[in-house]
Amino acid sequence: MSALPTRLRPLAAAFALVSCLAAPATAGAETKPNSPAPAPAPAPAADCALPGKTGWTDEGHNTDAAQFQHAGGNHRVLTLFVDFPDAQATDSTDAYATQLAPAADWMSRASYGRSRLGISSLHRWIRMPADSTSYGFARGLTFEAHEKYLRDAITAADPYADLSRYDMVYVVPTKAAAAISFSPTYLYDPTTPGVTADGTRIKWAVTFGQDMWRWGYKVAAHETGHTFGLPDLYSFTGATHQYVGGWDVMGNIAGAAPQYLGWHSWKLGWTRGNQVACLPGPGRRTVKLTPVERPGGTKIAVLRTGESTAYIAESRRAEGNDKGACSTGVLIYKVDSAAQTGEGPVRIMNANPTATPPTGCTQLDMAAYKPGQTFTDPDTGARIDVLAGGDAGDVVRLSKT
């Protein structure tokens, strides 16, 4: 699943990094000979924010506020159920609504209550004007074909709903429409007339496919994440889940610990700057992390290595998941805000590349670091030591030479 780009265009402005100025000495202050210099104040989180470089969905903090919807607050969603002349529905819409309904609670928990999906459903089948096979749902689906599909659904539903009351739309096809196979996200193109109804521009939509019955309600979390500006973390070439596995819902939706990474939570504004520990250059910093799955505390420790790169450490506990045994510890990953969606903008550093995973887990699920383990990158001088761990979280030390 991915957001279909209209075009790759540079963002309007680069993210401004906050500089830390030293406070002036107090007039007349006395100093003792050989007294140690005071320790420098920790760098602000903004010093570790990375600018987006791709002009589309990426890991930069300067998300285009016109192209993508703000991740915080209430999101009013209308679900439309569609069938087709060649694939007519014979069942109730209730099961379809029930399949996606848990996405609202999941999003609320993942965002610490800072993002809420208010999902309403128009409980009737809306007949599309063309056969399901005519819409070209394949991996080569173009933006224009996708927009036509959405326009047809909106036009058919307009007599029955006031679209001006909603921020985004979910379009769900009947199970009989096997040709509507996957679930792409629609992001509008502000340079074109687009899709309108009831005097309102439809800017964001998810058009679900039959894969919603495989992935479940978390496909809604994945696709809605694109409307917030998040990229795909699975690979468009080679092994599909080679980069992050199931550690983030933007990767393997059905993975062992699908959550939003702490970096994503910060990018989206759910994790605040005072919950981010930053080491922007040479030095050392020790940080106590609380699990990403729980609210409160310091969520990520960021070791910046370049203009668009950083290593991140976060504590993970995979709570409420029967696969937690293979997805607990300190997750360390590299972020590159210049990498395109689907090309590994996030890559997990695997602490246990030769470990044999338990039944039901993948090798990458075992990637978390334990107390006593260390990650190093000789090319950048970056080092992350895991000093301690327990149910309450983990302690890490960042250092850079």
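Helices and strands are DSSP runs, numbered from the N terminus. On that numbering, Thr54 falls in the segment before E1. The model examined here is predicted. Thr54 counts as buried, because its relative accessibility is 7% and the cut-off for burial is under 20%. Thr54 and Thr341 are 287 residues apart along the chain, yet their C-alpha atoms are separated by 8.7 Å.

Confidence was examined next. The average pLDDT of the chain is 90. A score of at least 70 is reached by 89% of the residues. Residues 7-31 have a pLDDT below 50. Beyond near neighbours in sequence, that stretch makes 30 contacts in the model.

The structure contains one disulfide. It is formed by Cys48 and Cys278, with the sulfur atoms 2.1 Å apart. The link of Cys48 and Cys278 is right-handed, with 80° about the S-S bond. Cys48 is placed in the segment before strand E1 (73-83), and Cys278 in strand E8 (residues 276-279). The pair therefore ties together parts that lie 230 residues apart in sequence. Both Cys48 and Cys278 are buried.

Strand E8 also belongs to a sheet. This open sheet has five strands, in the order E8-E10-E11-E12-E13. Its pairing is mixed. E8 and strand E13 (346-348) are the edge strands, and each pairs on one side only. On average, neighbouring strands of the sheet are turned by 25° against each other, direction ignored. E8 and strand E10 (residues 300-304) run parallel and are joined by four bridges. Ala277 has Ala301 as its bridge partner in E10.

Nonpolar packing was then considered. In soluble globular proteins, nonpolar side chains tend to be buried together. The largest nonpolar core in this model comprises 98 residues. Tyr260 and Tyr333 have the most contacts inside this core. Helix H3 (residues 143-157) supplies the largest share of the core, seven residues. Residues up to four places away in sequence aside, Tyr333 touches Leu261, Gly262, Trp263 and Ile300. Tyr333 also touches Ala310, Tyr311, Ile312 and Glu314. The remaining partners of Tyr333 are Val346, Arg347, Ile348 and Met349. A second, separate core has 19 residues, including Leu279, Leu289, Tyr311 and Ala313.

Ser399 is located in strand E16 (residues 393-400). Its relative accessible area is 12%, so Ser399 is buried. Neighbours within four places in sequence aside, Ser399 is in contact with Leu279, Gly283, Arg284 and Leu303. Ser399 also contacts Gly381, Ala382 and Arg383.

Helix H5 (residues 218-227) is largely enclosed by the rest of the structure, because ten of its ten residues are buried. The buried residues of H5 include Lys218, His222, Glu223 and His226. Val219, Ala220, Ala221, Thr224, Gly225 and Thr227 are buried in H5 as well. Gly229 follows H5 and has a positive phi, near 105°.

Terms used: Residues are numbered from 1 along each chain as its sequence is written. Side-chain values use heavy atoms; hydrogens and water are left out. A nonpolar core is a set of buried Ala, Val, Leu, Ile, Met, Phe, Trp, Tyr and Cys residues joined through side-chain atoms within 4.5 Å. Buried means under 20% relative accessible area, exposed over 50%, partly exposed in between (1.4 Å probe, protein chains only). Helices (H or I, at least four residues) and strands (E, at least two) are DSSP runs, numbered from the N terminus. Contact means heavy atoms within 4.5 Å. A disulfide is a pair of cysteine sulfur atoms within 2.5 Å. pLDDT is the predictor's confidence in each residue, from 0 to 100. Two strands pair if DSSP finds at least two bridges between them. Axes are lines fitted to C-alpha atoms, for helices over the stretch in contact, and angles run from 0 to 180 degrees between N-to-C directions.
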